[in-house]
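Open the model in your viewer and keep a selection box at hand. The tour below goes stop by stop, saying what to select and what is there.

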Amino acid sequence: MDVAFIDDDETLRAANAQALTLAGFAVAPFPSATAALGALDASFPGVVVTDVRMPGIDGLELFRRLRAIDPDLPVILITGHGDVAMAVEAMREGAYDFVAKPYPADRLLGPIRHALEKRRLVLENRALRRAAEETSASDMPLLGGTPAMERLRATLRQIADADVDVLIEGETGAGKEVVATALHRWSPRAARPFVAVNCGALPESVIESELFGHEAGAFTGAVKKRVGRIEHAHGGTLFLDEIEAMPPALQIKFLRVLEAREVTPLGMNETRKVDIRVAAASKVDLLDLVRTNAFREDLYYRLHVATIRIPALRDRRDDVPLLFAHFLDRAARRFRREPPPMTATVRRKLDEHNWPGNVRELAHYAERVALGLDDGPPATPAPPAPPGGALPDRVEAFEAEQIRQALAATQGDIQATLAALGVPRKTLYDKLKRHGIDQSAFRPRR
């Protein structure tokens, strides 16, 4: 249902319902506020259009009761000339818009379309947050309902109990450490250490000591004994990120660790047994490196027992809104702010951006939105027409810019914008549609 239309005048109610139906809306007509209240709740996906003057519960009281049910439910008031002042006051309280009688049949179409878009965004935002809240804690790092994510979770569950080493492949920012962490948490090793090492971040001069450990005096500067990361992961999981950056000489030593499950710290002759599961991650195809002798073939096949490929975010676009809602709530808690509502500008970014940085880029974008720093001003001024452009094009560009400036100055307040521009309400809505200007983008965030 798109529109709930309330009017005690049967003739007017039927005429408006017919006009809205012909315009493509699904309409539910109600003869009274009481009847409408019995059918509407916070999950209503549409817009309420109500006459003000009605017996019993009038339109203003209906608006206030609906606002108590859901403050984000758009209510458009139909007023007589003498009720305009009351309607303006109702808009200050949160009514979406008002239309003064008499009005042409298509007068309601613009406000209803805009209100429906706002309502869609509100309900979508609620649904996303609810889905994030209802996701179990163990699945939270792997949010998503696309087939690719369902397959990924199923694969992880399947191999979590099988004590095999795993190779995780995925682009930068796709969530390789998140997958490795989930694999560890879902395995019998969950109570033991999860040790993460980024091979690409460690200088070649220290990576061997970091991994294998050393005895005091093993080399210059080794003033005391150090337990290496491999030994520290005993009983748990060792996650090696960017394993493609591991030096060739170290690849030989690490292959021995995988095969014998033992480690020899620098400066020692004795080996120590280690019980570890290795999850190695690479942002490139290791087999390509094997072909160019940039990575050891035997180490590759030793790691290649079980391979998990993480899909890029652009390949599971339907998961973007849910992930964004999760990251936005997390960022809002971190910055001690209320999560801002989903705007048309943000929604457009989520839908159209290709997310080359994958989940990491999306998380950072959510942080900017939570701080009110999302990409630039809410609306970008239209580019000026070139000096040699046709006069109608230059006039159109000038008109669009004047409307944007007025909306920016009034913070999206339609009444104030109408007064500033001196145009009828219908004319303004028609121009907003023609120029592709989103009025809600100029409203201050709550």
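Two residues are in contact when heavy atoms of theirs lie within 4.5 Å of each other. The model on screen is predicted.

**Whole protein**

Start with everything selected. The protein has 446 residues, and 46% of them are buried. Colour by secondary structure to see 18 helices and 14 strands. Turn the C-alpha trace along its principal axes, where its spans are about 95 × 60 × 40 Å. The radius of gyration is 31 Å, whereas a compact globule of 446 residues would have one near 22 Å. Of the contacts between residues at least 6 apart in sequence, 69% join residues at least 24 apart.

Switch on the surface. The accessible surface comes to about 21,700 Å², and carbon and sulfur atoms account for 53% of that. Colouring by charge brings up 60 positive and 62 negative charges, whose mean positions are 3 Å apart.

**The largest nonpolar core**

Hide the surface and select Leu-211, Ile-230, Leu-238, Leu-240 and Phe-254. These are the residues with the most contacts inside the largest nonpolar core, which has 29 residues. Next, add the elements that each supply at least two residues of this core: β7 (194–198), α8 (204–212), β10 (237–241), α10 (248–260), β13 (277–282), α11 (286–291) and α12 (297–303). Which element gives the most to this core? It is α10, with five residues.

Now centre on Leu-211. Beyond residues up to four places away in sequence, Leu-211 touches Val-197, Gly-228, Arg-229, Ile-230, Leu-240, Met-246 and Leu-250. Show all of α8 around Leu-211: the buried residues of this helix are Ile-207, Ser-209, Glu-210, Leu-211 and Phe-212. Step just past the end of α8 to Gly-213, which takes a positive phi of about 80°.

For comparison, select Ala-4, Ala-33, Val-52 and Met-54. They are among the residues of a second, separate core, which has 24 residues.

**Glu-242 and Thr-172**

Go to Glu-242, in the loop between β10 and α10. Is Glu-242 buried, partly exposed or exposed? Its relative accessible area is 23%, so Glu-242 counts as partly exposed, given that buried means under 20% and exposed over 50%. Show its contacts, leaving aside neighbours within four places in sequence: Asn-198, Cys-199, Gly-200, Ala-281 and Lys-283. Draw a C-alpha to C-alpha distance from Glu-242 to Lys-283; it reads 6.6 Å, for two residues 41 residues apart along the chain.

Keep Lys-283 on display and select Thr-172. This residue is in the loop between β6 (166–169) and α7 (176–185). Thr-172 is also partly exposed, with a relative accessible area of 41%. Lys-283 is one of the residues in contact with Thr-172; the others, apart from neighbours within four places in sequence, are Pro-356, Gly-357, Asn-358 and Arg-360. Lys-283 therefore appears in the contact lists of both Thr-172 and Glu-242, where contact means heavy atoms within 4.5 Å. The C-alpha atoms of Thr-172 and Glu-242 are 9.8 Å apart, with their positions 70 residues apart in sequence.

**Helix α6**

Select Arg-157, which is found in helix α6 (residues 147–160). Arg-157 is partly exposed, at a relative accessible area of 42%. Add Ser-187, 30 residues apart from Arg-157 along the chain: the two C-alpha atoms are separated by 8.5 Å.

**Backbone details**

The last stops are best viewed with the backbone as sticks. Select Lys-101 and Pro-102, where the peptide bond from one to the other is cis, with omega near -10°. Pro-102 is in the loop between β5 (97–100) and α5 (109–134).

Next select Arg-261, in the loop between α10 and β11 (262–263). Arg-261 has a positive phi of about 50°, although it is not a glycine.

Finish at Arg-336, in the loop between α13 (320–334) and α14 (344–352). Arg-336 likewise is not a glycine but has a positive phi, of about 55°. Is Arg-336 buried or exposed? Arg-336 is exposed, with a relative accessible area of 81%.

Definitions and conventions:
Residues are numbered from 1 along each chain as its sequence is written. This is a predicted model: local features need pLDDT of at least 70, side-chain atom pairs count only at pLDDT 80 or more; totals for chains, interfaces and linings use all residues. Side-chain values use heavy atoms; hydrogens and water are left out. A nonpolar core is a set of buried Ala, Val, Leu, Ile, Met, Phe, Trp, Tyr and Cys residues joined through side-chain atoms within 4.5 Å. Buried means under 20% relative accessible area, exposed over 50%, partly exposed in between (1.4 Å probe, protein chains only). Helices (H or I, at least four residues) and strands (E, at least two) are DSSP runs, numbered from the N terminus. The radius of gyration is taken over C-alpha atoms; the globule rule is 2.2 Å times the number of residues to the power 0.38. Accessible areas come from the Shrake-Rupley method with a 1.4 Å probe; for residues, only the protein chains shown count as cover. Lys and Arg count as positive and Asp and Glu as negative; His and the chain ends are not counted. The place of a charge is taken as NZ of Lys, CZ of Arg, CG of Asp or CD of Glu.
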